[in-house]
There are 2 protein chains.
Amino acid sequence: MSKNCNFIEKLREIGLRPTKQRVKMCEVLFNREKTFHFTINDLVKMISDEMNEKISLATVYNTVHVFQKKGYLKEISINSDKSYFDTNTSAHHHFYDEDTNELIDCDESDIDKINIRKNITGKKINSVEVLVKVASDNQNQK
Amino acid sequence: MSKNCNFIEKLREIGLRPTKQRVKMCEVLFNREKTFHFTINDLVKMISDEMNEKISLATVYNTVHVFQKKGYLKEISINSDKSYFDTNTSAHHHFYDEDTNELIDCDESDIDKINIRKNITGKKINSVEVLVKVASDNQNQK
DNA sequence: ATCTACATTATAATAATTCTAAACTGTTGA
DNA sequence: TCAACAGTTTAGAATTATTATAATGTAGAT
Ligand SMILES: [Mn+2]
Ligand SMILES: [Mn+2]
Ligand SMILES: [Zn+2]
Ligand SMILES: [Zn+2]
């Protein structure tokens, strides 16, 4: 979903009613220069900061899942207590900072294309994700 | 932790009291031909099947985390509602079957060694994990 | 046998997520 | 224009994995 657009029309085009909650979520998620990573809680905070009205947590969950299903958000595979989403839906990989719990994008030049030589009968590959876990390099490990 | 051994001695060597719960967990986890993947719930079921006595869920959680910290178990990064562990602690990658929620090991020949060309100042790489998500190849997507 | 530090346990607490069912609203077509 | 309907939001409850608590039990040392 490209930025700087009429989200009302965009939502209609993909068959979603352009409610004010959805439009606001579109603005917060897609109307910006750079893509970013977020948890549901991050997103609720961002919306609350930009809106004077409240938005229900259930609506945020529902809408994030709808956007994901429609292909406008991607869920990142980290095992954490919470789910991480990405407004960058292209195939790309991540660094995960275990100190700060932050995700950082890799660009194409950072990691060679992964070539999968195994195939599982009757199954097709849906995604290939590389997660590079990093942490503080301090020698002072207590 | 190698199979077919005296787990009482092994546990002592790594500074853990060889309680009967821990010994049983060792047997279930490490006394077998092949490594495997499991969730906490899987493991509780396996233990219950092999033991007539009950084991507390808290003990299973605690002991799995101790074994992980000591390096005898590895946690796999999938985002799922539950955590997956691996008795294969060597660096290796996984297929994740989204239909059955099963993990399948890749061997070295399946995926080339990943070369990371980016580095993040002050951070060291702790792990590099590739997750290949697969699902049924049916054309009949309703 | 007794002591004590460490373990196990049942249970409660926590926290992310999903479910529910009632109230609300965008859209349609009479 | 406006009633009707289907889709949507919502607060709160339910679910579920996980962690914390605190009482009880026990392995190993003396
Ligand atoms: Mn979890
Ligand atoms: Mn989750
Ligand atoms: Zn990303
Ligand atoms: Zn594995």
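This text walks through a predicted model of two protein chains, A and B, and two DNA strands, C and D.

First, the ground rules. Residues are numbered from 1 along each chain as its sequence is written, and chains are lettered from A and ligands numbered from 1 in the order in which they are written. In this predicted model, local features need pLDDT of at least 70, side-chain atom pairs count only at pLDDT 80 or more, totals for chains, interfaces and linings use all residues, and side-chain values use heavy atoms, with hydrogens and water left out.

Start with chain A. It has 4 helices and 6 strands. Both are DSSP runs, numbered from the N terminus: helices are H or I with at least four residues, strands are E with at least two. Along the sequence, the order is α-α-β-α-α-β-β-β-β-β. The C-alpha trace of chain A spans about 50 × 45 × 25 Å along its principal axes.

How much of chain A is buried? Of its 142 residues, 40% are. Buried means under 20% relative accessible area, exposed means over 50%, and partly exposed lies in between, using a 1.4 Å probe and protein chains only. The exposed surface of chain A comes to about 8,400 Å², and carbon and sulfur atoms supply 44% of it. Such areas come from the Shrake-Rupley method with a 1.4 Å probe; for residues, only the protein chains shown count as cover.

Now look at contacts, meaning heavy atoms within 4.5 Å. Among the contacts in chain A with a separation of 6 or more, 47% are between residues 24 or more positions apart. Charges come next. Chain A has 22 positive and 22 negative charges, and their mean positions are 9 Å apart. Lys and Arg count as positive, Asp and Glu as negative; His and the chain ends are not counted. Each charge is placed at NZ of Lys, CZ of Arg, CG of Asp or CD of Glu.

Turn to DNA strand C. There are 20 residues around this strand, and Tyr61(A), Ser83(A), Thr19(B), Gln21(B) and Thr59(B) come nearest. A residue is near a strand if one of its heavy atoms lies within 4 Å of it. Which part of the DNA faces the protein? Of the atoms of DNA strand C within 4 Å of the protein, 73% belong to sugar or phosphate and the rest to bases.

Some polar pairs can be picked out here. A polar contact is a pair of N or O atoms within 3.5 Å; within protein, one must be able to donate a hydrogen and the other to accept it, and residues adjacent in sequence count only if both atoms are side-chain atoms. Ser83(A) places a backbone N or O atom 2.8 Å from a phosphate oxygen of DNA strand C. Arg17(B) has a polar side-chain atom 3.2 Å from a sugar or linking oxygen of DNA strand C. In Arg22(B), a side-chain N or O atom is 3.2 Å from a phosphate oxygen of DNA strand C. Two or more residues of the surface near this strand come from each of α4 (57-69) of chain A and α2 (20-30) and α4 (57-70) of chain B. α4(A) gives the most, with 4 residues.

DNA strand D has 20 residues around it as well. Thr19(A), Arg22(A), Arg12(B), Tyr61(B) and Ser83(B) come nearest. Of the atoms of DNA strand D within 4 Å of the protein, 75% belong to sugar or phosphate and the rest to bases. A side-chain N or O atom of Gln21(A) is 2.8 Å from a sugar or linking oxygen of DNA strand D. Phosphate oxygens of DNA strand D pair with Arg12(B) at 2.6 Å and with Lys82(B) at 3.4 Å, through polar side-chain atoms. Which helix gives the largest share of the surface near DNA strand D? α4(B) does, with 4 residues.

Next, go inside chain B. In α2(B), the buried residues are Val23(B), Lys24(B), Met25(B), Cys26(B), Val28(B), Leu29(B) and Phe30(B). Their cover includes α1 (7-13), β1 (37-39), α3 (40-50) and α4 of chain B.

Strand β1 of chain B holds His37(B). Its side chain makes polar contacts with the side chains of Asp86(B) at 3.0 Å and Asp105(B) at 2.8 Å.

Finish at a loop. Asn101(A) lies between β4 (94-97) and β5 (102-105) of chain A. Asn101(A) has a positive phi of about 60° although it is not a glycine. At 40% relative accessibility, Asn101(A) counts as partly exposed.
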